[in-house]
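Please open the model in your viewer and keep the sequence panel beside it. The tour proceeds by selection, one stop after another.

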Amino acid sequence: MPAARNDNEDRPLTARSVLASALLGESPPELPVDQLIRLAGLFRINENRARVALSRMAANGELSTSNGRYRLISESLLQRQTRQQRSLRGVTPPWDGSWLIAIIVSPTATAFERGTRRITLTRARFGERRDGVWMRPNNLDRLAFGIELGPTEIEFFSAIPQGDPKRLAGELWDLDAWHNRAWILIDRMTNVAARTSDDLAPGFVLSASILRHVQADPLLPEALLPSDWPGAALRERYDEWNTRYRQLLRPTKQRAENTPLQ
């Protein structure tokens, strides 16, 4: 059965999501308050609402503030940034043909624990074969991709399927849907070419959609992918597009000589 699919459609951005997304796009994840307020204004979030959102995020331990700058300190948001960066790299080491099987061994877990476990395994690019059995090609470092469940919750096994591994991959993930959505996003990067502060908002939403999509890429070995898989094309195009788009998001005095998106 296919793994749970991410909602890849554009989502409306709240004040918090705009501010968090802006910080997640920076390394280190820190920006001056006036730039954050300016970014919020692109989405018709006035200064008061933006400042209230920043204050609440700081009170909740998501941000720290110093000298008129805000910085992400939330562990969950920083982990999200790490996942985004790894997903954008899309690096997969050589594959020896083996698969990693994750067997859930704590069936008495609460609904919340089961939901958390599902999120963890999905983020680690495992596909659910049936209830309690998850698997993927053994070509990723599962610890690097967020598998932190204890040995009493999950056991891992290495195996080689007897059938067609390419067919198995197609049953675990909806590769056609990911493929088609990726090409749509590539086309939209050509069409969403912000040149002034009046049309930056659509690019901001598009960037969030692309980041969600690359995180849903199962990062399969090349041998298991369709011949026209657009993973590399999407990442390469986004890297170029996002670099120039981020330049436009900076205050005018910092980007006077920068080239606009084409």
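Begin by selecting R71, which is partly exposed, with a relative accessible area of 33%. Please bear in mind throughout that this is a predicted model.

**First stop: E30 and R71**

Keep R71 selected and add E30. What joins the side chains of E30 and R71? They meet in a salt bridge, with 3.2 Å from N to O. This pair links distant parts of the chain: E30 belongs to strand β1 (residues 30-32) and R71 to strand β3 (residues 69-72), 41 residues apart. E30 has a relative accessible area of 22% and is therefore partly exposed, because the partly exposed class lies between the buried limit of under 20% and the exposed limit of over 50%.

Now add R69 to the selection. E30, R69 and R71 are linked in a network of salt bridges.

**Second stop: E128 and R118**

Clear the selection and choose E128 together with R118. These two residues form a salt bridge in which the closest N and O atoms are 2.8 Å apart. Here again distant parts of the chain are linked: E128 is in strand β5 (residues 127-130), while R118 is in helix α5 (residues 111-123), ten residues apart.

Is E128 buried or exposed? With a relative accessible area of 4%, E128 is buried, because this value falls under 20%. Its partner R118 counts as partly exposed, at 32% relative accessibility.

**Third stop: E171 and R129**

Remain with strand β5 and select R129, then add E171. The side chains of E171 and R129 meet in a salt bridge of 2.6 Å, N to O. The pair connects distant parts of the chain, with E171 in helix α6 (residues 165-172) and R129 in strand β5, 42 residues apart. R129 counts as partly exposed at 31% relative accessibility, and E171 also counts as partly exposed, at 27%.

How many salt bridges does the count come to? The count comes to nine; among them are the pair E30 and R71, the pair E128 and R118, and the pair E171 and R129.

**Last stop: N180 and P230**

Finally, select N180, which lies in helix α7 (residues 175-191). N180 counts as partly exposed, at 44% relative accessibility. Add P230 and display the distance between the two C-alpha atoms. N180 and P230 are 50 residues apart in sequence, and their C-alpha atoms are 8.8 Å apart in space.

Terms used. Residues numbered from 1 in each chain as written. Predicted model: local features only at pLDDT ≥ 70, side-chain atom pairs only at ≥ 80, totals over all residues. Heavy atoms only, no water. Helix = DSSP H or I, 4+ residues; strand = E, 2+ residues; numbered from the N terminus. Buried < 20%, exposed > 50% of the residue type's maximum accessible area, 1.4 Å probe, protein only. Salt bridge = Lys/Arg side-chain N within 4 Å of Asp/Glu carboxyl O.
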